[in-house]
Amino acid sequence: MCGIIGFAGRVEAAPILLEGLSRMEYRGYDSAGIAVRSDNWGLQAKKAKGRLEALYGLTHGGADLDGPLGIGHTRWATHGEPNDCNAHPHISEDGRIALVHNGIIENYLEIKENLLRKGIRFTSDTDTEVVVQLLGYHYQQCGSMLEAVGRVLRRIEGSYAFGIICSDYPNALIAARKDSPLILGYGENGNFIASDVTAILKYTRDVSYMEDGEIAVVTAESVDVFDQELTPLDKKRCRVDWDVSAAEKGGYPHFMFKEILEQPEAVRKTVSPRVQNGRVALDGFSMTAEEVRNLSRIYIVACGSAYHVGVVCKYIWERLLRRPVEVCLASEFRYSAPLVDRNSLVIIISQSGETLDSMAALREAKRLGGRTLAVVNVVGSSIAREADSVIYTWAGPEIAVATTKAYSTQLVLMDLIGLYLGDLLGTVPGGEYEAILKGLAELPDKMRACLDQIQEMQYLGSRYFNHDSVFFIGRNLDYAMGLEASLKLKEISYIHSEAYASGELKHGTISLIEEGTLVVALGTHAALFDKAMSNVVEVKARGAEVLALTTERYRERMEKIADAAIVVPDTHPILQPSLGVIPLQLFAYYVALQRGCDIDKPRNLAKSVTVE
Ligand code: G6P
């Protein structure tokens with residue numbers, strides 16, 4: 001987590017750094033800081049606990065700090081509580097070096113003890129300060145920043161993206177990366193480093209992606225990249241085609257709301273170019289029928305909502321492929337001795353393409369000889385680059401911490417991949433291939449119909465916002481969808497919420513149902529609708545308040561029994577979760593709104609989780 005930015009240019013750095021940080025607040029938002037170098041004042045740093053507004057206020061929008069060279073940071077605390085001292089940038093004891101960091105230095109305690117013995121004083125509890133103090137120490141010894149950075153990198157263990165400025169270097173900032181994202185941006189008025197493209201999109205679309213072990217020296221005129229032996233490297237430049245406005249709220253009250261509304265279009269963009277002449281045509285990934293037949297295992301590995309996509313897919317793919325599909329939490333995968341071999345396909349799903357656990361799982365899968373495929377949203381992200389193949393979801397930038405459109409595009413892309421593999425195996429039941437493709441083509445319009453129910457969802461949000469505990473129940477695909485709906489609700493409204501496979505109710509959870517407990521009963525899966533109804537009756541008999549979700553086909557039956565019902569259009573059964581999830585996202589949104597929560601930046605969370 002954490003976002004870093006750096007600028008070396010011909011104009012004032014501070015406002016640019018603040019603007020860039022405002023685009024990266026989703027990465028962490030418990031404190032922020034900037035450091036700028038000027039000929040008059042040397043290094044000046046300002047930091048503030050809390051949201052970026054505090055830093056804006058403290059620096060009068062950056063006007064208080066002059067100079068064309070600077071670095072900035074927005075923090076998601078790992079080591080040390082969020083306060084002014086622990087906020088970045090950290091400054092070396094002699095005041096000459098400022099450093100921002102995204103990642104974790106694992107051997108910081110041992111280095112800190114050594115430095116303390118040398119008499120160096122620390123002012124924070126962070127792992128990061130150790131790096132800047134060590135850098136200060138080596139710089140004093142060798143007199144060259146680049147050489148000192150090289151020495152530090154050889155000494156530290158862990159993950160990092162660093163931005164460094166030094167009062168003795170009026171024009172240059174130094175950057176380095178290992179296991180944390182860092183891009184270089186080439187602008188008209190200067191050059192950048194940033195954790196994320198959205199931070200600098202306003203100024204440039206020309207970027208390079210730094211690789212692990214690389215060091216960059218960035219000035220207003222040049223960007224030079226070296227390997228750890230300081231051998232110069234040639235970096236390929238790429239052009240980012242994301243629309244700047246896509247990363248802006250554009251009049252909507254929250255990014256989450258805007259992104260929910262963008263889903264039909266995002267799904268259309270992800271699906272339609274990949275269906276040609278009635279067949280699935282995947283860019284960047286292909287297998288022969290024999291290769292698919294020889295697959296010993298298929299793993300889907302991810303975190304958070306992307307993992308929930310995997311759970312939906314397990315149900316769908318096993319039906320289409322008649323093969324076992326394993327869904328794993330990335331944080332568990334690499335420690336569970338996974339049975340990956342050269343005949344395994346390991347699919348990593350990730351919006352950011354930077355989630356540390358997903359990245360580690362990808363590396364483990366590769367180490368074991370598996371074939372890897374990344375399903376990623378952020379073009380050029382680490383997971384996208386390291387996997388054997390990548391297929392992109394074309395959701396555009398997603399800013400709200402709680403994912404919506406990335407989830408939806410991942411789901412449809414996985415539907416397409418499942419169809420593709422099933423077709424190669426010849427296991428897709430007769431007529432299903434065409435029916436699913438037809439359903440996918442109709443999905444954007446049906447999603448729009450779901451979005452037409454905004455007022456109803458607003459009403460339901462205000463009716464149910466004061467519940468303390470919510471259970472989402474469903475079977476099969478409804479259960480899988482419930483996992484995501486429950487996560488949405490809990491992460492942004494802070495209501496305790498759990499998703500349960502309805503059949504499991506009687507094995508424990510039903511004891512928690514009492515007069516007035518809110519149960520969201522999901523009954524969109526046609527094959528199991530009657531059973532879903534029985535579960536509704538069971539919880540109602542114990543006093544539950546039931547908010548049901550069903551399809552047009554079952555509207556009447558559900559409305560008779562539930563206290564309130566949300567109804568979505570019917571579609572092909574395997575696509576039903578793509579529709580059902582939309583009103584549930586809106587429900588979470590309106591509940592959180594009623595409760596006065598910070599919807600785009602829920603407490604304790606960050607969008608890009610680059611620590612273990
Ligand atoms: C965080 C985000 C979730 C996301 C998860 C995995 O928890 O808040 O929305 O699903 O990370 O992130 P990824 O970028 O790998 O999809």
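**Group meeting: a walk through the predicted model**

Let's start with a pair of helices: α1 and α2 run roughly antiparallel to each other, because an angle over 145 degrees counts that way and their axes cross at roughly 170°. Before I go on, please keep in mind that this is a predicted model.

In sequence, α1 covers residues 13–24 and α2 covers residues 52–59, and their axes come within 10 Å. Who does the touching? On the α1 side we have L18, E19, L21 and S22, and across from them sit L52, L55, Y56 and T59 of α2. If you sort the residues of that contact by character, you get five nonpolar, two polar and one charged.

Now hop along to a second pair, α13 and α19. Helix α13 spans residues 405–425, helix α19 spans residues 576–594, and the axes again approach within 10 Å, crossing at roughly 175°. So this pair, too, is roughly antiparallel. From α13, the residues in the contact are Y407, S408, L411 and V412, and they meet P577, S578, V581 and Q585 in α19. The tally here is five nonpolar, three polar and no charged residues.

While we are around α13, let's go inside. The largest nonpolar core has 97 residues, and the members that touch the most others are W317, M414, I417 and L421. Take I417 as your anchor if you have the structure open. Which residues does I417 touch, once we set aside anything up to four places away in sequence? They are L282, W317, L373, V375 and I391. You will notice W317 turning up again, as one of the residues named for touching the most other core members.

There is also a second core, separate from that one, with 30 residues, including L99, V131, L153 and I164. L153 gives us a nice way into helix α5, residues 145–155, where L153 is one of the buried residues. The others buried in α5 are M145, A148, V149, G150 and V152. And what covers them? Among the covering elements are the strands β6 (97–105), β7 (158–166), β8 (173–178) and β12 (215–218), together with helix α4 (128–142).

On to the cysteines. How many disulfides does the structure hold? Zero. C166 shows the reasoning: a disulfide needs two cysteine sulfurs within 2.5 Å, and the closest cysteine sulfur to that of C166, in C142, is 11 Å off, so the gap is too far for a bond. C166 itself is buried, at 2% relative accessibility, whereas C238 is partly exposed, with a relative accessible area of 24%.

Next, two buried residues that sit in loops. S502 is in the loop between β24 (496–501) and β25 (518–523), and its relative accessible area is 2%, so S502 is buried. Beyond its neighbours within four places in sequence, S502 is in contact with I473, G474, R475 and N535.

The other one is V401, in the loop that leads from β22 (389–392) to α13. At 8% relative accessibility, V401 counts as buried as well. Its contacts, again leaving aside neighbours within four places, are with Y26, Y29, D600, K601, P602, L605, A606 and K607. For a sense of distance, take L547, which is 146 residues from V401 along the chain: their C-alpha atoms are separated by 26 Å.

Last stop, the backbone. Where is the cis peptide bond I'd like you to look at? Look from H88 to P89, where omega is near 0°. P89 is in the loop between β4 (69–75) and β5 (90–91).

Then there are two residues with positive phi, neither of them glycine. D179 has a phi of about 65° and lies in the loop between β8 and β9 (183–186). R322 has a phi of about 50°, and its loop runs between α9 (304–321) and β19 (325–329). Are they buried or exposed? D179 is partly exposed, at 25% relative accessibility, while R322 is exposed, with a relative accessible area of 62%.

That's the tour, everyone. Thanks for listening, and I'm happy to take questions.

Definitions and conventions
Residues numbered from 1 in each chain as written. Predicted model: local features only at pLDDT ≥ 70, side-chain atom pairs only at ≥ 80, totals over all residues. Heavy atoms only, no water. Buried < 20%, exposed > 50% of the residue type's maximum accessible area, 1.4 Å probe, protein only. Axes fitted to C-alpha atoms, helices over the stretch in contact; angles between N-to-C directions. Helix = DSSP H or I, 4+ residues; strand = E, 2+ residues; numbered from the N terminus. Parallel < 35°, antiparallel > 145°, perpendicular 65-115°, else oblique. Contact = heavy atoms within 4.5 Å. Nonpolar A, V, L, I, M, F, W, Y, C, P; charged D, E, K, R; others polar. Core = buried A, V, L, I, M, F, W, Y, C linked by side-chain atoms within 4.5 Å.
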